[in-house]
Amino acid sequence: MKVLKFGGSSLASATSIKLVIDIIKSEQHKLWVVVSASGKTTDNLIQLTELSLAKDESYKTELKLLEQHHIAICKELLPIAAQTSIIAFIKSSCNELEQLLDAIYWLEDLSPKTQDKIISYGELLSAQLLQKIASQEIDSVQYKDSRELIATDSKFTNAKVNFNKTNKNIADFQKQNTARVIISGGYISANKNQETTTLGRGGSDYSAAIYAAALDAEALEIWTDVSGLYAANPKLVKQAKPIANISYEEAMELSHFGAKVIYPPTIKPVLEKEIPIKIKNTFDAKAAGTLISNSSNGKRQTIKGISHVEGISLLTLEGLGMIGIHGISKRLFEVLANNHINIVLITQASSEHSICIAVAKESSQEAEQLINIAFKNEISEHLIQPISVEHNLAILAVVGDQMKSHQGVSGTLFSALGSNNINIRAIAQGASEKNISCVIKNDNVRKALNCIHAAFFEAHIKELNVFIAGVGNVGGKLVSQLQQQKAYLKEALNLNVKIVGIANSKQYYINENGLENSDWQANLSKQKVNSHVSYYDAIDALNKQNSIFVDVTANEEVANSYANLLRKSISVVACNKIACSSDYNEYKELKYLAKKYKASFLYETNVGAGLPIIKTVQNLISSGDQITEIQAVLSGSLNFIFNEYTDKSDFHKVVKQAQDEGYTEPDPRIDLSGKDVARKILILIREAGISLEFEAIENKSMLPKGSLEAKSVADFYTLIEKEETYFKALLTEANNKGARLKYVASYKDGKASVGLQFIPKDHPFYNLEGKDNIVSFYTNRYQDQPLIIKGAGAGADVTASGLFGDIIQIGSAN
């Protein structure tokens, strides 16, 4: 004998019922089939009672729709000759329902007894309908009303089962039963007066377990719309997979903390008789599902699953008057128990100074009042503080039988949460070590589940969620590089890099599943015009673990967002030089925030595009060296311009060429003014551990007076075109000296400057071609021969690769 239970989704339509019939037909055992109400019928019946109680006559229309739903299934699956009796039953049942609802409407009263009577029709209809349909294809199928077998007390809506009476009823019926398949409605039962009762939340599963235990069944199979019990909620954790094997205790822990596939009462009746439970998917019958048994920890995994319960309030009772006083806990728990308030988590400090309890939010106000009354004397004498209450919390539980024999589980758990800026309000762990529970904010549930799942289940694959601001030349190249290397990064570095958001100056587009396989440019262009602030709000609301914000703009507003992002443990990768070259205290604050909130703040591309200049400085300083002098050509765009500018070319045309090829900033005045170079040398000086402000850098501007006062980029080009004679004079002077024009940044003895210089042939900078950069570091260790870094210092591809490198560095960090 096997007991099969089918949930509401399995009976919601003619199509799904056909699948149920196929499953029953495939079984060779004797079967007891327990069914829930069809689809959303139970919810609909509850709604009918609410409408009638509110004197809303639309309950009649809604009842008619419920009747039509069942009749439509009947007509689709049964031949005409077999329809008459079942349609008559459906209509008579709905007539009875209407009479009950009319009484509620006129009397304006709904008792728990009447509610149970009304809701029971869902299971009565689905069970008899399924029996009629099954009889067309399967021999020896009988319907049996559960109210004739499952005996309970008279606590309507959540009745307590009389197991002695129930087991005898089932055994007596089974002795006389000759049918191969029995079909009964779940959830429903009856008291000693034969009045209808119901078994409360998860009642249909509970009914199935009651039958399985009473019949000493070989197995209990629960057929639903998912392929088993998942390691985490698959709606919140996309990577979650079904658990193949799990113990009763593990399943009960997970179900207690929110796993909705199965409820704790379901397990209890079969646990004593060690009857295995199989969770299967009606819509994918071949899927393995989950086996719940006495010793089915499978491969002895440390952690079997993660679950959570939202809508929790945390109540804290504390005060010096609690220390060493007997009976405080008893009084606290007693007052709640006497008022039927369930405590879902308890934690107490060893100092006895405080006790924290978690209750459902809807019980929190009553609990607060009751506790304050119970301890009013101590509160009035200031021995104990009035109860404090925190709302909008959730309990997250990590479950596994093997936790007690493995070290470091709690460390992994708390590290995963801490590194993602998820604050823990309370922690509880039983001596059995099967469960570690912690209380966090509701808003952090999705992030917490994902980062913990990654830590325990994803074969050390780390997911990085990337949000890019600025998708022009460099940003577009970065997207392409990340897409191209996605498979390699996953295979070689165990990094799953997902581009989740992109934004330009007017619009943003977010897809939490990643943009890699979508036409992101088209999707971005379709979005409404929004500010950068809206983009930050969207990133914050998404609350993804291991989030990285990549700034590929030159926008001050975007740079000003870094502090808030870091406070939310969102790492920042900046191509934008404004933040690191702003006020020195603000620069230091960003570094402090990154450290405090365990985020990364990386900006290698601030100097030298993809060249490892900043990392080199950091390594020198970390190893104890000291930089004494810097000589550098730090603008690939200016180097390109002065290398391309000859006596046969026009200066303004060369500048335009540099802009068109992506070497300059969108506004070339930033490059030509020397301001961009000044920012770069300032950043290097600061990375060397030296406090310096931007204003302290001497900028020997090479541009003629008035050219930087142009109102637009177009006006600027017009002005420098008129100054061609000035630029030709500079070029002629350089040629006459046998030198080349280079824009050089210098630092020595606490002084820094930037400006155009005539570089002689014997200087290392003379042969610097194209858009290359070069930096010479003189240090305590490199006194005679400088440490030199040279290479391409501008261009979309190399800059994007520098940003790419910073992203990978964040992903590779522990």
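Which residues in helix 1 meet which residues in helix 5? The points below address this and the aromatic side chains.

1. This is a predicted model, in which local features need pLDDT of at least 70, side-chain atom pairs count only at pLDDT 80 or more, and totals for chains, interfaces and linings use all residues. Residues are numbered from 1 along each chain as its sequence is written, and side-chain values use heavy atoms, with hydrogens and water left out.

2. Ile 17, Val 20 and Ile 21 in helix 1 meet Leu 130, Ile 133 and Ala 134 in helix 5 (contact means heavy atoms within 4.5 Å; helices are DSSP runs of H or I, at least four residues, numbered from the N terminus). The residues of this contact comprise 6 nonpolar, no polar and no charged (Ala, Val, Leu and Ile are among those that count as nonpolar).

3. Helix 1 spans residues 14–26 and helix 5 residues 112–134; they pack at an angle of about 65 degrees, with axes 11 Å apart (axes are lines fitted to C-alpha atoms over the stretch in contact, and angles run from 0 to 180 degrees between N-to-C directions).

4. The structure holds 17 aromatic pairs (ring centres within 6.5 Å; planes under 30 degrees apart are stacked, over 60 edge-to-face, the rest tilted). The rings of Tyr 726 and Phe 727 have centres 5.2 Å apart and planes at 75 degrees, so this pair is edge-to-face. Both residues belong to one aromatic cluster with Phe 642, Tyr 645 and Phe 651.

5. The charged end of Lys 55 sits over the ring of Tyr 105, 4.0 Å from its centre (NZ of Lys or CZ of Arg within 6 Å of the ring centre and within 35 degrees of the ring normal). The charged end of Arg 740 sits over the ring of Tyr 766, 5.5 Å from its centre.

Conventions
Helices (H or I, at least four residues) and strands (E, at least two) are DSSP runs, numbered from the N terminus. Rings of Phe, Tyr and Trp (its six-membered ring) pair if their centres lie within 6.5 Å; planes under 30 degrees apart count as stacked, over 60 as edge-to-face and the rest as tilted.
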